[in-house]
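Visitor: Could we go through how the helices pack here, and then look at the pockets?
Guide: Gladly; here is the structure to look at while we talk.

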Amino acid sequence: MAFLVLSHVSKAFGQTQAVKDFNLEVEKGEFISFLGPSGCGKTTTLRMIAGFEQPTEGQILLEGEDITFRPPHQRNVGMVFQSYALFPNMTVAQNIAFGLEVRKMDRAKIKERVHEVLSLIQLEDYGGRYPYQLSGGQQQRVALARALAIRPRLLLLDEPLSALDAKIRLELRQEIRRIQQALGITTIYVTHDQEEALSLSDRIVVMNQGQIEQIGTPFEIYNYPQSEFVASFVGQLNLLPVEVLDLSKNICRVAGQEIRFTPTTNSILKSGKVRLAIRPEEIRLGMVEGENLLRGEIASVIFLGSIIRLRVKLGEGILISVDQFNERHFQPPRPGEVVTLHFPIHACWLL
């Protein structure tokens with residue numbers, strides 16, 4: 001049996017269904033991210049695993065034990081919140097020791113454990129400081145250390161980096177993954193940041209309106225999205241209105257220009273509106289024999305640091321984004337210039 005199992009878990013608040021028929025199996029040592037927009041049910045699901053919310057329906061098993069209605073303090077689960085939730089009147093060492101003292105651990109062992117986790121988060125010399133004397137990133141490290149000090153069976157993190165600036169967020173993200181891998185602790189991470197989920201996770205659970213849209217590795221979620229929501233939410237995506245000319249030969253028309261797409265099934269046409277999906281980074285300027293070609297007019301050039309995003313007008317109201325790596329000698333086309341774009345057949349598919 002899997003280390004953590006959520007079976008047909010649902011949660012309703014009055015008439016509002018926050019989580020619907022959630023099913024997931026997590027293996028020991030896995031790093032799983034719940035990814036989705038605000039209000040999709042990811043935090044509610046995390047809180048049900050922690051014991052702060054009780055499911056309306058379903059069952060939660062941890063190492064084969066039914067913990068569905070067990071109170072939080074009887075689950076041995078570590079929780080890290082977005083707001084740090086440190087006690088301002090306690091030092092760093094006292095904050096970390098708090099959970100151990102509640103468990104009535106021997107004082108000598110508490111001191112040893114506090115030193116151990118302070119070393120793990122690389123704040124060995126900060127034990128005597130108070131939270132107000134720390135940066136936001138340091139406070140979040142202490143919150144992580146406090147959760148790890150009790151040696152939990154499961155580590156839960158609820159958007160722990162969202163209050164930090166971009167540079168600190170990147171550094172702490174790498175630190176969380178390092179610590180998780182060093183300890184081999186099973187971890188559930190809630191985020192709305194696709195980059196965090198893609199860089200941290202063994203698998204990602206994409207959620208929308210209380211339901212699971214797709215479960216897969218970062219590679220699978222990004223390259224093989226199973227719904228329009230997943231394709232649009234994870235990464236940048238062009239969605240172009242198309243007319244399917246020949247489904248047997250995988251030919252369609254975009255803004256009056258014929259292109260070929262990845263083979264699909266007749267069922268895709270039953271949904272009504274059909275659109276062609278393609279990632280901006282799959283498209284290049286110029287012509288390559290055997291690939292799809294589109295001609296259009298440069299509408300705008302946007303500098304984004306490592307990439308330059310071109311917006312190309314293919315027809316009335318139809319724009320396509322093209323991402324080019326920023327190279328010092330690259331001279332991007334100017335607005336109004338007519339260009340040819342090329343991309344492989346396998347890079348586009350119908351939604």
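Guide: One term is needed before we start: a crossing is left-handed if the near helix is turned anticlockwise from the far one by less than a right angle, and right-handed if clockwise. Please also keep in mind that this is a predicted model.

Visitor: OK, so what is the handedness of the crossing of α3 and α4?
Guide: In that sense of the term, the crossing of α3 and α4 is right-handed.

Visitor: And at what angle do the axes of α3 and α4 cross?
Guide: The axes of helix α3, residues 107-120, and α4 cross at roughly 135° and come within 9 Å. Angles over 145 degrees would count as roughly antiparallel, so with this crossing α3 is oblique to α4.

Visitor: Which residues meet there?
Guide: From α3 there are Arg113, Val117 and Leu120, and they meet Ala145, Leu148 and Ala149 of α4. By class, the contact of α3 with α4 divides into 5 nonpolar residues, no polar ones and 1 charged.

Visitor: Switching partners, how do α2 and α4 cross?
Guide: Helix α2 covers residues 92-102 and helix α4 residues 136-149, and their axes cross at roughly 30° and come within 8 Å. Because of that angle, α2 is roughly parallel to α4. The crossing of α2 and α4 is right-handed.

Visitor: Which side chains of α2 and α4 should I pull up, that is, which residues meet?
Guide: On α2, look at Val92, Asn95, Ile96 and Leu100, which meet Val142, Ala145, Arg146 and Ala149 on α4. The contact of α2 with α4 holds 6 nonpolar residues, with 1 polar and 1 charged.

Visitor: What about α4 and α5, at what angle do they pack?
Guide: Helix α5 spans residues 166-183, and it packs with α4 at an angle of about 20°, the two axes being 11 Å apart. The two helices are therefore roughly parallel to each other, and α4 passes α5 in a right-handed crossing.

Visitor: And which residues meet in that one?
Guide: Gly137, Gln140, Arg141, Leu144 and Leu148 of α4 meet a set in α5 made up of Ile168, Leu172, Glu175, Ile176, Ile179 and Leu183. Sorted by class, the contact of α4 with α5 has 7 nonpolar, 2 polar and 2 charged residues.

Visitor: Different topic: what volume does the largest pocket have?
Guide: The largest pocket has a volume of about 520 Å³. It is lined by 20 residues, of which Val77, Met79, Gly99, Arg103 and Ile150 are the closest to its centre.

Visitor: Which elements give two or more residues to that lining?
Guide: They are β6, residues 77-80, together with α2 and α4, so two of the helices we discussed come back here. The largest share of the lining, 4 residues, comes from β6.

Visitor: How does the lining of the largest pocket divide by class?
Guide: Its residues are 14 nonpolar, 4 polar and 2 charged.

Visitor: And how much space lies in the second largest pocket?
Guide: About 300 Å³ of space lies in the second largest pocket. Of the 13 residues that line it, Asn223, Tyr224, Thr262, His346 and Trp349 are the closest to its centre. The elements that give two or more residues to this lining are α7, residues 218-223, and β21, residues 348-350.

Visitor: How does that second lining divide by class?
Guide: The lining of the second largest pocket has 7 nonpolar, 4 polar and 2 charged residues.

Terms used
Residues are numbered from 1 along each chain as its sequence is written. This is a predicted model: local features need pLDDT of at least 70, side-chain atom pairs count only at pLDDT 80 or more; totals for chains, interfaces and linings use all residues. Side-chain values use heavy atoms; hydrogens and water are left out. Axes are lines fitted to C-alpha atoms, for helices over the stretch in contact, and angles run from 0 to 180 degrees between N-to-C directions. Angles under 35 degrees count as roughly parallel, over 145 as roughly antiparallel, 65 to 115 as roughly perpendicular and the rest as oblique. Contact means heavy atoms within 4.5 Å. Ala, Val, Leu, Ile, Met, Phe, Trp, Tyr, Cys and Pro count as nonpolar, Asp, Glu, Lys and Arg as charged, and the others, Gly among them, as polar. On a 1 Å grid over the protein atoms alone, a cavity is a set of points where a 1.4 Å probe fits but cannot get out, and a pocket is an open set with protein on both sides within 12 Å along at least five of seven lines; lining residues have an atom within 4 Å of a point. Grid points are joined across faces, edges and corners, and a volume is the space filled by probe spheres set on the points.
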